[in-house]
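Please find below a short note on the model, arranged as numbered points. The first points concern confidence, and the later ones the interface.

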Amino acid sequence: MTFLIKGKKSQQRVRFIKRAIAGQGSHDPSPASESLHYDQQQAQRPDFITENSKDKPAIVDDAFGASSRSVMSAKTASMIPDLFTTLPPIRDLLQTGSSRVQDETIQECLPFLKGADLNVQCNEHGVPQLDRPRHINFLHKSLRKLPAPYVAADASRPWMFYWALAGLAAMGEDVSQYRERLISTVQPIQNSTGGFGGGNGQLSHLAPTYAILLSLVIVGGEEALEVIDRKAMWKWLGALKQPDGGFQMCVGGEEDVRGAYIAAVILTLLDLPIELSRESPAWSREGGTLLTNLPEWISKCQTFEGGVSSRPDAEAHGAYAFCVLACLSILGDPHIIIPKYLDVPCLISWLSSRQYAPEGGFSGRTNKLVDGCYSHWVGGCWPLIEACLDGPSLGSPAGIQVAPLTAVGHLYSREGLIRYILCCCQDQTKRGGLRDKPSHNSDSYHTCYVLAGLSSAQHRWHFNTSATKTATGGMLNSAYQWTSEPIVEDLQIFDGADRVGTWHPVFVIPEGAAERAKEYFASKGGF
Amino acid sequence: MAPKGSKAPKARPKPPDPPKEYPTIADELLAAYQESRPYQTLAASKGIQNLTANEKACYAHAVFLETGAWRSWPAATQNEFWKTIQSEKIPIPLPKPQDLGRDTRGIEVGKYTPAEFKLYLRREREIEGLLGKTMGYLRAIMAAKEHSPRVLELTEHIISMNAAHYTVWLYRSQTLLALNSSIPAELEWVNNVALDNQKNYQIWHHRQILVEHLVQDVGSDEGKLRELGKSEVAFMKEMFDEDAKNYHVWSYRQWLVRKLDLWQKGEIEDCERLLREDVRNNSAWAHRFFVVFSNPRYCTEGSKATEFDGGIPDEILDREIEFSKAACFEAPQNQSPWNYLRGVLKKGGRKLVSLECFAGEFVKIPEKEGEGEEDVKSSHALDFLADAWAEKGEREKADRALRLLGDKYDRIRKNYWDWRRALLKSDGGGLGGIEGQFVVGAKLFGH
């Protein structure tokens, strides 16, 4: 066991870092590790040795001589670009409430970005590993002790399932063990009038319905998929459809872009007809459908900043940007439908402004703070936007990929996002799980969406016009034309083992599950 | 070797004082945490090299306890380790206290006194049981479609325990309307619930239903509508005192402006008041934009926020430009007024070049590259200039501005700035030209 003690009076740091064992070939011995071995030989037991040289960290052997498994990486600090360790180059003198909390957030994140936490092992890029076992344990545990019925969090029970199952599946866990329990939990909260409530005796609501539908699709299997009363669901969607084109979240409830996105997800995943039932408030003699005026209504939600608000007239917000882009990407091919209904350059300018340095993560609105969950809500917009700019990847009949016509690459800093996620969003205690920012507790919601953001930063998505993965014909097939590939690059800041599974860019569940469900329902031909 | 600290203290860190009263539970937990790691505290305050040999050994033990490193050692070493822990009475370090979150009223639980915290835990357990019973009762009532005064009592009771049940709120509003209950009285009750539940959004939809109904009732009674508007705005001010960026409150306000025709009734002044407190409050900027550029008195109906609207009078455009310019001077690196400025120009169909001089106030770049230092007070001004120059066809200048952004002033967005540079080289020029690209793309793909 060795200590690294920086010889600066104000910065005493002790750190434990995995040792590269010579001969096992896990890492090439770098000049840094060579010098460390040298220092180790110099270090004497059983007391501390502290060298007070200015820049060179000193190595101090421990008091016990227990067989050492760690060495320090003396060069770690220099492998972290100063972009992530220093204050922004331009800062205003005027202080206000917003700038004060922003400054506090930077100060809160810096020690994590610099790898200063003495309990956390970092790689040579100053990035800790994804603590899979703890995050997996955190999510399993969240399902073990779901809130009792009727307590404050009761209405979020379906969400607890979705967040945990999606996160676990993305980390390679077998979630089929939860199938029975999920089915028995959600069956009683499905209403005969269609849709699911948040809990026992509650009205049907699109939010828990989305969470339940996706959870059932993740665990998969006929038994799970057969839980859903599709015909009643279709009728209920008709009741939610508004004459202006949007959807209410529940009958008599608020109308916002979450409703638009979720309704589109339900329609396509369950392979429902888009015709309106006569009972719908949106029904007219002109013969509109469930999709009539939906993109037009959505398009009214883009604000002067370029971002998207929950409903027309409100402020641009990251979560709604994802809902809108994903909804459009269900209704049509991204490169055609997104520019048709949104001012794309303006949207990109706003989306891009959501990423801050030194934090590296995304914020949800102008002059608000970074939050791990926007790793998905904003981060998840990028694959859709990139497909919109690139146009489709042309799949030739032989299935050979042709490079996109105008490959723009990535429009944001993947390194920044990955650093924020791995350095700042991981709860490194036994608790595990992922979080908003270091001062916040981890929870299932953040664990799910931070992992989704991590995956999105680790993979590249292609939209293929001729490569429909489900041979269904019919409507709303755009969402099934995505393929992914891992991004491999020379200078990869995260460890290979930290690559998480791919999440479908529109449905936000592990890749493949949505395609299977769609195929299952489409093969039924009608209700 | 470490110097033998001549001033090394003789005594070990003091044992914790007898039970002490702490003002908050967070303080108590933090104190317990600190007391459990005296040697880490000592090392941090004195510096490791100034510790005595014994203190160093104790410190090392404490660190191993905290990291759990001892677990990987051979059994014999572990035994020796634990012997020392016991003989030196080294306390087992507690995990760092976690944020306790907020209660249903949005108050930080960490700020409770230790006694209040005990009560809080007990109350939480009681509510679990009680809420279950009451909800069961309400379910039966809902199944029978009963809309009676006792529904109001029951829902009030449930909401006091848990305000996040959308079903309860919706059933309450249906019952209120069915019973023709006093809506102003309901609004007043809802005010208190909202103040206690900052993050709850069901309340705001409930409020929207109530006001919608009230407006129908009042009809065209101007005086009553004005009163309603005033009291609603006064209440929102209270909410903004707690959180001036509360998304639900702002969304409700935008709805209310349309509903009660509040376009010219102090909305702009209210935004200005909030912006004087915090010029970075983007919610207030967004509301101002809505109030100015959706006002049906001069705006074209259906004109989108990102579109030119020929109906906006010049003096309004000028006024908005002057307002945002003043805000840019106040804090040049604040993106809100820059976004606002671009929005105003788009609405007015004016060119960015019309404000080139203004943006230039914040950016000094030497004529030739490499000749002297540039002085950039706002990356947003530089971004603005890049587009203004592209608009004028000065592509090289624009390209240099974008390079500066990517390499120096806004490096996290380098890929974005590079993409903008690529756009410059393509036919369209600046951001405005990208639409042409889509047309080309669409043609190529046969759409």
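1. Chain B has an average pLDDT of 87, where pLDDT is the predictor's confidence in each residue, from 0 to 100. A score of at least 70 is reached by 91% of its residues.

2. Two stretches of chain B call for caution. Residues 1-10 stay under 50 in pLDDT, with ten contacts beyond four places in sequence; contact means heavy atoms within 4.5 Å. Residues 432-447 of chain B are likewise below 50, and this stretch has 22 contacts in the model beyond near neighbours in sequence.

3. This is a predicted model: local features need pLDDT of at least 70 and side-chain atom pairs 80 or more, whereas totals for chains, interfaces and linings use all residues. Residues are numbered from 1 along each chain as its sequence is written, chains are lettered from A and ligands numbered from 1 in the order written, and side-chain values use heavy atoms, without hydrogens and water.

4. At the interface, 96 residues of chain A are in contact with 87 residues of chain B. The buried area (accessible area, 1.4 Å probe, lost by the two parts on being put together, summed over both) is about 8,000 Å², with 60% from carbon and sulfur atoms.

5. Four salt bridges are counted between chain A and chain B, each a side-chain nitrogen of Lys or Arg within 4 Å of a carboxyl oxygen of Asp or Glu. B:K346 forms a salt bridge with A:D343, with the closest N and O atoms 3.0 Å apart.
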